[in-house]
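Reader: I would like a close look at the side chains in this model. Please go through how they pair and pack, one part at a time.

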Amino acid sequence: MLHFASELFDTHPRFIQLKSLLMDLFNGELIESIHLSGLEHVISITVAPPSEKLASVSDAQTEGPLPTVHIRGYSTKLLASGQRVPRVELVSMGPSLDLSLRRHQPADPELWKVAMRRPKLKKQDVEKGLGKKRKNLEVDEMGDLRGRVHIGKQDLTKLQTRKMKGLRSAPGEDESEVEGGDGPRPAQRQKTS
């Protein structure tokens with residue numbers, strides 16, 4: 001789970017962009033609720049308390065340094081709480097990073113607009129996770145794209161098998177019938193005494 005703990009991630013343009021980058025890096029999606037037993041790791045991303053000047057600025061052109069971004073990794077421990085919902089305890093496990101946003105070069109507005117454009121999708125395709133409906137593709141419960149490949153029936157009569165000593169033909173017989181395994185094996189000659 002990714003947890004962003006600051007209002008700057010929703011208001012300041014530089015931090016909005018950082019949130020987008022981190023969610024892409026960790027492959028995160030916005031969700032409304034979560035089942036506690038399925039939660040193993042929490043990555044908490046917080047920002048040091050902003051100054052009054054920074055909190056009121058809404059454009060990317062700010063004077064002075066931006067507050068430090070703290071990234072902390074935790075594992076979860078579910079403990080008995082005496083209620084139906086267990087008590088969740090976070091145990092620090094790393095990584096622990098302190099980042100500062102220093103250099104910034106905004107993208108060309110036209111190029112940014114093209115890069116951020118998303119195709120229009122039907123509601124049912126958005127729920128399934130697909131763009132155009134394509135045959136033999138489906139998205140499972142975990143959000144992974146799965147596909148089926150259909151192939152025709154294989155002809156196993158032309159399959160080359162290993163040549164073994166027991167399958168060699170007797171002298172004077174046609175070797176192509178026995179070695180390749182293409183046809184039926186000829187009957188063995190019985191020795192007469």
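Author: Threonine 76 is part of strand β3. In this predicted model, a polar atom of the threonine 76 side chain lies 2.7 Å from the backbone oxygen of leucine 39. Leu39 is also one of the residues that threonine 76 touches. Leaving aside residues up to four places away in sequence, the others are Glu40, Val42, Val88, Glu89 and Leu90.

Strand β3, residues 69-79, also holds arginine 72. Arginine 72 forms a salt bridge with aspartate 98, and the closest N and O atoms are 2.9 Å apart. Aspartate 98 belongs to strand β4, residues 87-99, so this pair links distant parts of the chain, 26 residues apart. Arginine 72 counts as partly exposed because its relative accessibility is 25%. Aspartate 98 has 51%, and therefore counts as exposed.

Glu89, one of the contacts of threonine 76, takes part in a salt bridge as well. Its side chain meets that of arginine 87 at 2.8 Å, N to O. Both ends of this bridge fall between the cut-offs of 20% and 50%: arginine 87 is partly exposed with a relative accessible area of 42%, and glutamate 89 is partly exposed at 30%.

The salt bridge count comes to 3. One of them joins aspartate 10 and lysine 19, with the closest N and O atoms 3.4 Å apart. Here the two ends fall into opposite classes: aspartate 10 counts as exposed at 56% relative accessibility, whereas lysine 19 counts as buried at 18%. Side chains of opposite charge can pair when their charged atoms come close.

Lysine 19 has a further partner. Its charged end sits over the ring of phenylalanine 4, 5.4 Å from the ring centre. Phenylalanine 4 is buried, because its relative accessible area is 17% and the limit is under 20%.

That ring leads into an aromatic cluster made of Phe4, Phe9 and Phe15. The structure holds 2 aromatic pairs. In the pair of phenylalanine 4 and phenylalanine 9, the ring centres are 5.0 Å apart and the planes stand at 65°, so the arrangement is edge-to-face. Phenylalanine 9 is buried, with a relative accessible area of 2%. The rings of phenylalanine 9 and phenylalanine 15 have centres 6.0 Å apart and planes at 90°, so this pair is edge-to-face too. Phenylalanine 15, like phenylalanine 9, is buried.

Phe4, Phe9 and Phe15 are among the 12 residues of the largest nonpolar core. The other members are Leu8, Leu18, Leu22, Met23, Ile45, Val47, Leu66, Val69 and Ile71. At least two core residues come from each of α1 (8-11), α2 (13-25), β2 (41-47) and β3. The largest share is that of α2, with 4 residues. In soluble globular proteins, nonpolar side chains tend to be buried together.

Phenylalanine 15 shows how these elements meet. Not counting residues up to four places away in sequence, phenylalanine 15 touches Leu8, Phe9, Val47, Leu66, Pro67, Val69 and Leu101. Strand β3 therefore appears in more than one setting: threonine 76 lies in it, arginine 72 in it pairs with aspartate 98 of β4, and it supplies at least two residues of the core.

Terms used:
Residues are numbered from 1 along each chain as its sequence is written. This is a predicted model: local features need pLDDT of at least 70, side-chain atom pairs count only at pLDDT 80 or more; totals for chains, interfaces and linings use all residues. Side-chain values use heavy atoms; hydrogens and water are left out. A salt bridge is a side-chain nitrogen of Lys or Arg within 4 Å of a carboxyl oxygen of Asp or Glu. Buried means under 20% relative accessible area, exposed over 50%, partly exposed in between (1.4 Å probe, protein chains only). A nonpolar core is a set of buried Ala, Val, Leu, Ile, Met, Phe, Trp, Tyr and Cys residues joined through side-chain atoms within 4.5 Å. Contact means heavy atoms within 4.5 Å. Rings of Phe, Tyr and Trp (its six-membered ring) pair if their centres lie within 6.5 Å; planes under 30 degrees apart count as stacked, over 60 as edge-to-face and the rest as tilted. A charge sits over a ring if NZ of Lys or CZ of Arg is within 6 Å of the ring centre and within 35 degrees of the ring normal. A polar contact is a pair of N or O atoms within 3.5 Å; within protein, one must be able to donate a hydrogen and the other to accept it, and residues adjacent in sequence count only if both atoms are side-chain atoms.
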